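Colleague: Could you walk me through this model, please? I would like to start with the metal site and then move on to the domains.

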Amino acid sequence: MKALCYNGKYDLRVERVPDPEILNPRDAIIKVRKTAVCGSDLHLINGYIPTMREGDIIGHEFMGEVVETGSGITNLKKGDRVSVAATIGCGHCTYCSTGSYSLCDNSNPNAFMPEKIMGDSPAAIFGYTHSFGGYAGSHAEYIRVPFADVGMFKVDERLTDEQAVFLGDAFPTGFMAADMCGIQPGDTVAVWGCGGVGQMAIQSAFLLGAERVIAIDREPNRLETARRVGKAETLDFSKVDVLEALREMTGGRGPDRCIDAVGLESVDDSVQYYYDKAKQFAGLEIDRAIVLRQAIMACRKGGTVSIVGVYAGFIDSMPMGAAMNKALTFRMGQLHAQKYMPRLMEYVANGQADTGFLVTHRMSLDDGMKGYDLFSKRADDVMRVVFTP
Ligand SMILES: [Zn+2]
Ligand SMILES: [Zn+2]
């Protein structure tokens, strides 16, 4: 089959690779119909997350059609249209059985790798380095889905393929960001980053009862989408002092809940950015944390900082004094997609939320490198590129 493979930093190639096969009774093989680029793929391609190998198939946001199931799959059958969780959970360990699928104890066969730098291993993620399981990703004609009985969901017929492709990653990540905030009626929620996840965090914050959402980015089209689709108020961080503006907009208190939907490659024009960038370049710091620091400084006393932007290693100049003395609550994590997917599918089906607007570019898999190039440069008002293999 055809697949988009990693061949080194910023080098993706379409290659011929062997078709996937059923290896375990709870596997399924999916013919991929739509697969999207995600901001966290850029961290891999830009070389910030180690243990990628030449020939690895990337991609973790996808939907498709079941073509084969293992003997242990009884809830889905050949021909079903499905959306698949980006994180892989066994469904039965202590973590999965309490809904924390991204902490699954059983899905990562390379658990020893993250254990060395994190103390323990999170769940595996499709197409996301060998530390995260080494599973083949979704930018291919076919993909093997392990534990398919818990990770795959039949798509409601009211949803289009382009709506369904975001049910396994962007929407549950954005929703979890808002859910972790513990939003109370009347709350103001600030969201840093208006890419796919940020846009879905905005909609989710309102679904969970926020009164106001303030979205922060510098790309005019992303800010415009946040206003038009998300009904958020917006701040352009290249034009205003974000801390000052947030304070002014919230009667001097600061937002009640702050969501970091950016992660380790945050940018701005401050001295701090160049400091982080230089340290990152020299290998002295793995992650740039401009957004996280700003969220901590902006958050009102006793508020919540919720992190879904990806961090991979170490950061410095963390304003821990501010966090501690303002009694902030920190919540964070990779998405527990399986926990949220049925609920989110219903939101989209009944029109309470939308995901399809995230698609700005449609390409064939052959244009994979072009798609990622456009996406990484945020060129041509791109939000999400969707490939049809
Ligand atoms: Zn993702
Ligand atoms: Zn598990």
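**The zinc site and the two domains**

Modeller: Gladly! This is a predicted model, and in it the zinc ion (ligand 1) has as protein donors Cys38 (SG), His60 (NE2) and Asp169 (OD), lying 2.0 to 2.2 Å from the ion.

Colleague: Which spacing do the donors of the zinc ion follow along the chain?

Modeller: Happy to spell that out. The protein donors are Cys38, His60 and Asp169. Written along the chain, the donors give the spacing C-x21-H-x108-D.

Colleague: How many residues apart in sequence are the parts that Cys38 and His60 tie together?

Modeller: Cys38 sits in the loop between strand E3 (28-36) and H1, while His60 sits in the loop between H1 and strand E4 (61-69). The pair therefore ties together parts whose separation in sequence is 22 residues.

Colleague: Strands E3 and E4 make me curious about charges. Which residue meets Glu65 in a salt bridge?

Modeller: A search of the whole structure finds 21 salt bridges. One of them has an N to O distance of 3.6 Å, within the 4 Å cut-off. It links distant parts of the chain, 32 residues apart, with Glu65 in strand E4 and its partner in strand E3. That partner is Arg33.

Colleague: Now the domains: what area is buried between domain 1 and domain 2?

Modeller: The domain assignment gives domain 1 (2-169 + 335-387) and domain 2 (174-332). Their contact takes 28 residues from domain 1 and 26 residues from domain 2, and their C-alpha centres lie 25 Å apart. Carbon and sulfur atoms give 63% of the buried area, which is about 2200 Å².

Colleague: How many residue pairs are in polar contact across that interface?

Modeller: Salt bridges across the interface of domain 1 and domain 2 number zero. Residue pairs in polar contact, both at pLDDT 80 or more, number four.

Colleague: Which element gives the largest share of the side of domain 1 that touches domain 2?

Modeller: That side divides into 16 nonpolar, six polar and six charged residues. Helix H1 (39-45), helix H2 (112-118) and helix H12 (337-349) each give two or more residues to it. The largest share, five residues, comes from H12.

Conventions: Residues numbered from 1 in each chain as written. Chains lettered and ligands numbered in written order. Predicted model: local features only at pLDDT ≥ 70, side-chain atom pairs only at ≥ 80, totals over all residues. Heavy atoms only, no water. Domains from an automatic or database assignment. Contact = heavy atoms within 4.5 Å. Buried area = accessible area lost by both parts, 1.4 Å probe. Salt bridge = Lys/Arg side-chain N within 4 Å of Asp/Glu carboxyl O. Polar contact = N/O pair within 3.5 Å; in protein donor to acceptor, adjacent residues only side chain to side chain. Helix = DSSP H or I, 4+ residues; strand = E, 2+ residues; numbered from the N terminus. Nonpolar A, V, L, I, M, F, W, Y, C, P; charged D, E, K, R; others polar. Donors = N, O, S within 2.8 Å, 3.2 Å for Na, K, Ca; no water.
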